[in-house]
Amino acid sequence: MYDVVISGAGPSGSQCGEVLAKAGYSVALIERDCGWRKPCGGGLNHRVLEMYPKLRKLSIPVIKCPILHSADYHELEYIAKEKAWGSVMDRLELDNFIRDSAVDAGVNLLDKHFSYDFIMKSQEKVGIKAKAPSGTKEYRGKIVIVADGMSSKLAIRSDLRAKWKLEEIANAKCAIMEGEHNLDEEFVYIYFRSYKGYAWIFPLGGKRFNIGVYTFAEDNRNHNINDLYQEFLRNPNVRKLVPNQGNVIWSGSYPFPTEGILEKGLCDDRIMLIGDTGGFVSPISGEGIQHALMSGKVAAETAIEALEIEDYSKSILKKYKNHPQIKNTVRSFKMKSSMREFFYKDHGERLNKIFEQAQRDSEFRIRLLDIFFSKSIPSKEFLSKFQ
Ligand SMILES: Cc1cc2nc3c(=O)[nH]c(=O)nc-3n(C[C@H](O)[C@H](O)[C@H](O)COP(=O)(O)OP(=O)(O)OC[C@H]3O[C@@H](n4cnc5c(N)ncnc54)[C@H](O)[C@@H]3O)c2cc1C
């Protein structure tokens, strides 16, 4: 019997396991495939580096700022006050780094294990059943944490949430390419388009770069993601930056949740949902790594409190969803969702106009970019400028 059994060793599950193991608790961390490179831009804003300072020891690029482009190719630089915006990493390297750290802290990582159901006792979830190469395995725990991402089967079996509808997710496709390019390695490049979603190019250091596209809401039905991806690669503005698109090291497609945190469905007796499984992805920027780490840490701290008093009921575990960091993130995501509706009106036209205004007015520009990248909630006075 473990203290905690976690399904999914992405950033949320590994971080959660590491915090628990460091506090002296036994943790089983079940992972489908440690060799899987999750489709992702790998953009790490400075909050990720602050939350996980060990990453700074790696030789990863320093990204000064993102350059945003509206659908008509107006350019905006995001100058983060006093500090660099963050970095970019290959997701396979990032995930393995965070996993290794969890293992060093004492977590028992079970690779090539596919979680498919809960072990039930008197209607309570007391562990996870997984398929392993040697057959079906059962891992019992006092608390179960579901961190197996967007397509989690356990989240649905837990009855805490339903399967996402197509309108509630983003469809994304991206690749890592290698070739001569004209990217400035101190920037990441983001392109808003005439559909709901955006495209990106993130330099990975040397000749490598990550390039991708996503759509969300009704535009998942209105557009084919493969066509949009090809169209982006052919775009003359993109060709100028990355003329050499020949050598594709890896490519993949994957969804992410876009409707914010499932506040009501984050916990129950003996169970908590973290990271993408709980909807912890910014509805406006698509950033989820920072929120995965944060929710993993808060869930671990809540589990530690429950383990200390040996009470695993919802009345204790709900401290996770009521934690100020989670509450703030819920509030900030709600604001971002409504701003997003506003920005994406008229197939990119409104955003073109907003970018024109931002180019003329530096104060407006900084506040506008904060809506995309920071947790700050805009003032009424600022919002009135949009009317
Ligand atoms: C195309 C794309 C681009 C993105 N770009 C960025 C970006 O640049 N910056 C950013 O901050 N965020 C980005 N995101 C979001 C980010 O990837 C996620 O928010 C983040 O990975 C969530 O971490 P997680 O640990 O919750 O889930 P995941 O990273 O999805 O990890 C889940 C883990 O569970 C495992 N798993 C799944 N099912 C099972 C099972 N049944 N049994 C056992 N294990 C299982 C998986 O193998 C995986 O290791 C992007 C997402 C996509 C799809």
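**Asking how we know: a predicted model**

Q: What makes V4, V27, L29, I145 and M272 stand out in the largest nonpolar core?
A: This is a predicted model, and its largest nonpolar core has 107 residues. V4, V27, L29, I145 and M272 are the ones that touch the most other members. The element giving the most to this core is α8, with nine residues.

Q: Which residues is V4 in contact with, leaving aside neighbours within four places in sequence?
A: V4 is in contact with L20, Y25, V27, G141, K142, I143, I145 and A303. As a general backdrop, nonpolar side chains in soluble globular proteins tend to be buried together.

Q: Why is F343 called buried?
A: Count the other C-beta atoms within 10 Å of its own: F343 has 20. Buried starts at 20 or more, so F343 makes the cut. You'll find F343 in helix α10, residues 324-343. Not counting residues up to four places away in sequence, F343 touches R350, L351 and I354.

Q: Why does A217 count as buried?
A: A217 has 21 C-beta neighbours inside 10 Å, and the cut-off is 20 or more, so A217 is buried. A217 sits in the loop between β14 (208-216) and α5 (219-222).

Q: Why is D159 called exposed?
A: D159 has just 9 other C-beta atoms within 10 Å. Exposed means 12 or fewer, so D159 fits that label. Its place is in the loop between α4 (153-157) and β11.

Q: And why does E124 count as partly exposed?
A: E124 has 15 C-beta neighbours inside 10 Å. That value falls between the exposed limit of 12 or fewer and the buried limit of 20 or more, so E124 is partly exposed. E124 lies in strand β9, residues 124-132, and touches D269 and R270, not counting residues up to four places away in sequence.

Q: What makes the phi values of D159 and A217 worth a look?
A: Most residues other than glycine have a negative phi. For D159, though, phi is near 70 degrees, a positive value in a residue other than glycine. A217 isn't a glycine either, and its phi is positive at about 55 degrees.

Q: How do you know that the span of helix α12 agrees with what it should be?
A: Helix α12 covers residues 362-373, which is twelve residues. At 1.5 Å a residue they should span 16 Å, and the end C-alpha atoms are 16 Å apart, so the two agree. Within α12, R365, L368, I371, F372 and F373 are buried.

Q: What surrounds the ligand?
A: There are 39 residues around the ligand, and the closest are G10, G41, G149, G275 and G288. Elements giving two or more residues to this shell are α1 (11-22), β8 (114-121), β11 (169-178), β15 (247-257) and α8 (289-309). By class, the shell has 16 nonpolar, 15 polar and eight charged residues. Domain 1 and domain 2 each give at least three residues to the shell.

Q: What domains is the protein divided into?
A: The assignment gives domain 1 (2-42 + 89-164 + 259-336), domain 2 (44-88 + 166-258) and domain 3 (345-384).

Q: How many residues of domain 1 are in contact with domain 3?
A: Five residues of domain 1 are in contact with five residues of domain 3. The domain 1 side that touches domain 3 has two nonpolar, three polar and no charged residues. The C-alpha centres of domain 1 and domain 3 lie 34 Å apart.

Note on methods:
Residues are numbered from 1 along each chain as its sequence is written. This is a predicted model: local features need pLDDT of at least 70, side-chain atom pairs count only at pLDDT 80 or more; totals for chains, interfaces and linings use all residues. A residue is near a molecule or strand if its C-beta atom, placed from the backbone, lies within 6 Å of it. Helices (H or I, at least four residues) and strands (E, at least two) are DSSP runs, numbered from the N terminus. Ala, Val, Leu, Ile, Met, Phe, Trp, Tyr, Cys and Pro count as nonpolar, Asp, Glu, Lys and Arg as charged, and the others, Gly among them, as polar. Domain bounds come from an automatic or database domain assignment. The expected span of a helix is 1.5 Å times one less than its number of residues. Two residues are in contact if their C-beta atoms, placed from the backbone, lie within 7 Å. A nonpolar core is a set of buried Ala, Val, Leu, Ile, Met, Phe, Trp, Tyr and Cys residues joined through C-beta atoms within 7 Å.
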